[in-house]
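Q: Could you take me on a close look at the ligand site, and at the space around it? I'd like to know what touches the ligand and what lines its surroundings.

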Amino acid sequence: MVTKPSKIIAIYPGSFDPITNGHLDLIERGSRITDRLIVAILRNASKAPLFTVEERMEMLREVVAPYPNVEVDSFDGLLVDYAARKQATVLIRGIRAISDYEYELQMALMNRRLRPEIETLFMMAGEAYSFISSKLVKEVFGLGGDISGLVPACVEARLKKRLLGESK
Ligand code: PNS
């Protein structure tokens, strides 16, 4: 028989390059249904990021500060092995549209095969955020489009600095 852990520790993994308001919505909702939520940035991703892991962690720490049971970390290697080291039993992933489903299903099933004791929990993105992705935010901002309301203010400031070379 599987016993229910006394405390639910969950990992919300991702690239977060950078964090958007869609991610933040999931963090807020995830923090309400878990005892401890670890937002974990993948270190050895193959895609070339705009922000370093340290910069992304700084932005994340700033935006999760209001949530006492949320912390920020980074990891290397297999996600399920990292989760096991953290004694987490839940992986949280957001689904925005059907197009996310195939990739997410593949990952969830592979992760379950590797460590069946760790459950993937899918959360539907808030309807106001279902079209937002870090990739699109960077592209639109880089081409001069308005991204207010799509990312936290500290992220918008960092994007300005990085992509437009502004000091503020
Ligand atoms: O925000 P992303 O880029 O969609 O996040 C993808 C992430 C970090 C969740 C995924 O690439 C991952 O878990 N990588 C760690 C390596 C791993 O465990 N790979 C096997 C996944 S089935």
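A: Let's start with Leu79, whose backbone places an N or O atom 2.8 Å from an oxygen atom of the ligand. That is a polar contact, meaning a pair of N or O atoms within 3.5 Å. The side chain of Ser15 also has an N or O atom 2.5 Å from a ligand oxygen, and a polar side-chain atom of Arg93 lies 3.0 Å from an oxygen atom of the ligand. Taken alone, the ligand exposes 550 Å², and the protein buries 77% of that (accessible areas by the Shrake-Rupley method with a 1.4 Å probe).

A word on the model: it is predicted, with local features needing pLDDT of at least 70 and side-chain atom pairs pLDDT 80 or more, while totals for chains, interfaces and linings use all residues. Residues are numbered from 1 along each chain as its sequence is written, and side-chain values use heavy atoms, leaving out hydrogens and water.

Now for the shell: 14 residues surround the ligand, and Gly14, Ser15, Lys47, Leu79 and Arg93 come nearest (near means a heavy atom within 4 Å). Its largest share, four residues, comes from α4. By class, the shell has eight nonpolar, four polar and two charged residues; Ala, Val, Leu, Ile, Met, Phe, Trp, Tyr, Cys and Pro count as nonpolar, Asp, Glu, Lys and Arg as charged, and the others, Gly among them, as polar. Helices such as α4 are DSSP runs (H or I, at least four residues), strands are E runs of at least two, and both are numbered from the N terminus.

Conventions. Polar contact = N/O pair within 3.5 Å; in protein donor to acceptor, adjacent residues only side chain to side chain.
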